[in-house]
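Hi,

Here is the structure I promised to send over. Have a look at it first, and then read on for what turned up.

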Amino acid sequence: MPPPDHRDAVAALHRDPYALFARLRASNPVTWTDFFDGPVWMVTGHPEAAAIMKDARFVREHPGGAIGPVSPRVAEALEMKRRMILVRDAPFHARVRALITKAFTPGTVARRRAAIEAAAAGLLDRALERD
């Protein structure tokens, strides 16, 4: 069965993402969707997402990439995601996390606060210039 057409939901997402995700979490925290130009499972509920992240059947790194054909937009998003430590599986995730954890202690962040705020402001300024 093809996924439902979610164009109205996508428009709602752009208008007010918080309301849309609250509604999804309440009514359908795990849903089959085509939000991303291709059918995918979207998980919006925290208990459901936590269960999936702890279940070895749902590895985050699929050998050979995504299962099945995907649109170019989905392929691009998957490639970007593959480079993020957050979605990498063990042992890579644990090794890299151990290396970078020291850079994000409260003391280190406090000492670097001015530089972090300046970098964030610069990124936001550049993003606003593109709009």
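Let me start with a question: does I116 count as buried, partly exposed or exposed? With a relative accessibility of 43%, I116 counts as partly exposed. Before going further, please keep in mind that this is a predicted model.

I116 sits in helix α7, which covers residues 113-130. On the surface, I116 joins L99, I100, F104 and V109 in a nonpolar patch, and together these residues have about 480 Å² of accessible area.

The same helix came up again when I looked at charges. A search of the whole structure gives one salt bridge. R113 and E117 make a salt bridge through their side chains, at 2.9 Å from N to O. The two residues are four apart in helix α7, so about one helical turn separates R113 from E117. As for accessibility, R113 is exposed at a relative accessible area of 54%, whereas E117 is partly exposed at 44%.

Now the overall layout. The chain has seven helices and two strands, and from the N terminus the order of elements is α-α-β-β-α-α-α-α-α. Of its 131 residues, 16% count as buried. The accessible surface of the chain is about 10,500 Å², and carbon and sulfur atoms make up 64% of that. If you take the contacts in the chain with a separation of 6 or more, 36% of them are between residues 24 or more positions apart.

On to the strands. β1 (residues 30-33) and β2 (residues 40-43) pair in the antiparallel sense, with four bridges between them. One of the residues to look at here is T33, whose bridge partner in β2 is V40. The two faces of β1 are not alike: T31 and T33 are on the covered face, while V30 and W32 are on the uncovered one.

T31 is worth a click of its own. T31 is buried, at a relative accessible area of 11%. Leaving aside residues up to four places away in sequence, T31 touches V40, W41 and M42. The side chain of T31 also has a polar contact of 3.4 Å with the side chain of N28.

N28 turns up a second time, around T44. That threonine, T44, lies in the loop between β2 and α3 (46-54). T44 counts as buried, with 12% relative accessibility. What does T44 touch, not counting residues up to four places away in sequence? The answer is F21, L24, R25, N28 and P29.

One last stop is H93, in helix α5 (residues 92-100). H93 has a relative accessible area of 21% and is partly exposed; the cut-off for buried is under 20%. With residues up to four places away in sequence left out, H93 touches I85, L86 and R88.

If you only have a minute, I would open two views. In one, show the nonpolar patch with I116 in it, along with the R113 and E117 salt bridge. In the other, show β1 paired with β2, and add T44 with N28 among the residues it touches.

Cheers

Definitions and conventions: Residues are numbered from 1 along each chain as its sequence is written. This is a predicted model: local features need pLDDT of at least 70, side-chain atom pairs count only at pLDDT 80 or more; totals for chains, interfaces and linings use all residues. Side-chain values use heavy atoms; hydrogens and water are left out. Patches are made of residues with over 30% relative accessible area and no salt bridge: like charges are joined within 9 Å, nonpolar side chains (Val, Leu, Ile, Met, Phe, Trp, Tyr) within 5 Å. Accessible areas come from the Shrake-Rupley method with a 1.4 Å probe; for residues, only the protein chains shown count as cover. A salt bridge is a side-chain nitrogen of Lys or Arg within 4 Å of a carboxyl oxygen of Asp or Glu. Buried means under 20% relative accessible area, exposed over 50%, partly exposed in between (1.4 Å probe, protein chains only). A polar contact is a pair of N or O atoms within 3.5 Å; within protein, one must be able to donate a hydrogen and the other to accept it, and residues adjacent in sequence count only if both atoms are side-chain atoms. Contact means heavy atoms within 4.5 Å. Two strands pair if DSSP finds at least two bridges between them.
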